Amino acid sequence: GSTAPPAAATDAPTTEPTTGPRLPERRPSRVVVEPVAPVVDAGRFPAKTSLGEPVEVIADVFTDGHDHVAAAARFRHDRDEQWRQVRMEPLGNDRFRATFLPDRIGPWHIDVQGWVDHFDTQRDGVVKKAAAGLDVSVELDSLVSLIETMRTGASTRDEATLVGLLAACERGDPEPFDDDDLVLLSWRAHPRIPVLRLHRSLVAFVDRERARCSAWYELFPRSAGAPGHHGTLRDVGERLGQIAGMGFDVVYLPPVHPIGTTFRKGRNNSLTAEADDVGSPWAIGSTEGGHTAVHPALGTVDDVAWLAERCRAAGMDLALDLAFQCSPDHPWVREHPEWFRHRSDGTIQYAENPPKKYQDIYPLDFESADWQNLWLALHDVVTFWVERGVTVFRVDNPHTKSFAFWEWLMASLRTTHPEVVFLAEAFTRPRVMERLGKLGFHQSY
């Protein structure tokens, strides 16, 4: 690749007539550029890739008549101002392709430029006519002015070649023009006036390599202690060497938050909990806190940050469960009852997947009249843990939450924390799975 030259100016403005239809201020390019890849739903969503994977840019570039065209793929990271570019190779049937290798995570902008290659058009005509035994003296003479223009700003090596071509024109010798390498010289030195670009640049989001492939080790922290003792987050930290030694690169913990007591489930999902039953970790929230609190028997928020740092030191990521649901004892039930769906008798609707019933869980209502504050609160939950070093989330049942919410959340986090990876724990229809991928989820079950 190379740094792209400044956008070429088009010809001088045309004189506007005093009456009649309004004309373009500048002569439009005769070239057509139509994007092919990487495009997701006509640009509705960014394409996705990861570090180490080349991005393939494909476009149809053509013009009227028989003139040849040339094309460049331009690309830049969202934080860069300068574009880089590579030549697009013709594939036939007006299709062109180029690849580039992103060197940073985050959003990359991709553009395609096309222009009429008058030099290669005329060069090809000279070669074909000469091969047919025709006189090409006029054609060679016509090339002189264009070659002189191409010398302006050309590299020392290219200028030497162009000078040689001028000499060939003067002596009426077409042989030096029968050289395929001149196509590359034309791409470097040909004036791109006027040039046509995509109506709007494409976007590809580049994730870190772990978003593409990772091996997860799941464990309950309360099972990480010595036999007969309730484990803690600190106990998990003592196991990291063993986990890394087995080849895992993600340590996944089910919810570590306080667990509700109302309608707490007993062993084997029984409706009656005994005094020593700890309940389901997915029944999140109690008087001790909600989604940004840690169950006291497991440790503290600082212990999560400590464990995340220990995982990084061992070459792994810490993944937390992101379950956007609440137990009846969650602080939000009391503080924001409008965030939950109520039945006709005034009670809050608990989770169901008929005939299954989950009386210990209240789903959030994404059609709530106060949906904006609900979205912000959930966003704050994610950023709370990201700021404490958590870089991977296993999202519980994302297909039962608003697609629009995920799109907004993912776009926001891509801007501030592009290193975060989301796995969708979704068992559902193919189109729904596909939509979750478009919205930004990196992996799924």
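I started at A42, which sits in the loop between β2 and β3. This is a predicted model, so I'm reading every value below as computed from it.

**Loop β2–β3**

A42 caught my eye for its backbone: phi is positive, about 55 degrees, although the residue is not a glycine. Buried or exposed, I wondered about A42? A42 counts as exposed because its relative accessibility is 65%, and the cut-off for that label is over 50%.

P38 is in that loop too, between β2 (31-37) and β3 (47-50). I checked the peptide bond joining A37 and P38 and found it cis, with omega about 0 degrees.

**Another cis bond**

Which residues does the cis peptide bond with omega of about 5 degrees join? I found P354 and P355 there. I placed P355 in the loop between β16 (351-353) and β17 (356-358).

**Another positive phi**

I went to N93 next, in the loop between β7 (89-92) and β8 (95-100). Phi of N93 is near 55 degrees, again a positive value in a residue other than glycine. N93 has a relative accessible area of 75%, so I logged N93 as exposed.

**H330**

I then looked up H330, which lies in the loop between β15 (325-326) and α8 (331-335). H330 is a loop residue, but it counts as buried because its relative accessibility is 2%; the label needs under 20%.

Which side chain makes a polar contact of 2.9 Å with the side chain of H330? It's the side chain of H291. I also listed the contacts of H330, skipping neighbours within four places in sequence: I284, G285, S286, G290 and H291. So H291 turns up in my notes on H330 both as a contact and as the polar partner, and I take the 4.5 Å heavy-atom cut-off as the test for the contact list.

**G389**

G389 was my next stop, in the loop between α9 (371-386) and β19 (392-396). Its relative accessible area is 14%, which means G389 is buried. Leaving out residues up to four places away in sequence, I get A308 and R312 as what G389 touches.

How far is the C-alpha of G389 from that of V138? I read 71 Å for this pair, which is 251 residues apart along the chain.

**Whole chain**

I zoomed out after that. The chain carries 11 helices and 21 strands. How does the radius of gyration sit against that of a compact globule of 445 residues? I have 31 Å for the chain, where such a globule would be near 22 Å. I put the extents of the C-alpha trace next to that: about 105 × 60 × 35 Å along the principal axes.

For burial, I noted that 46% of the 445 residues are buried. H330 and G389 each carry that label.

I looked at contacts between residues at least 6 apart in sequence, and 75% of these join residues at least 24 apart. The accessible surface comes to about 22,700 Å², with 51% of it belonging to carbon and sulfur atoms.

Last, charges. I have 48 positive and 64 negative side chains in the chain. How far apart are the centres of the two sets? They lie 3 Å apart.

Conventions. Residues are numbered from 1 along each chain as its sequence is written. This is a predicted model: local features need pLDDT of at least 70, side-chain atom pairs count only at pLDDT 80 or more; totals for chains, interfaces and linings use all residues. Side-chain values use heavy atoms; hydrogens and water are left out. Helices (H or I, at least four residues) and strands (E, at least two) are DSSP runs, numbered from the N terminus. The radius of gyration is taken over C-alpha atoms; the globule rule is 2.2 Å times the number of residues to the power 0.38. Buried means under 20% relative accessible area, exposed over 50%, partly exposed in between (1.4 Å probe, protein chains only). Accessible areas come from the Shrake-Rupley method with a 1.4 Å probe; for residues, only the protein chains shown count as cover. Lys and Arg count as positive and Asp and Glu as negative; His and the chain ends are not counted. The place of a charge is taken as NZ of Lys, CZ of Arg, CG of Asp or CD of Glu. A polar contact is a pair of N or O atoms within 3.5 Å; within protein, one must be able to donate a hydrogen and the other to accept it, and residues adjacent in sequence count only if both atoms are side-chain atoms.
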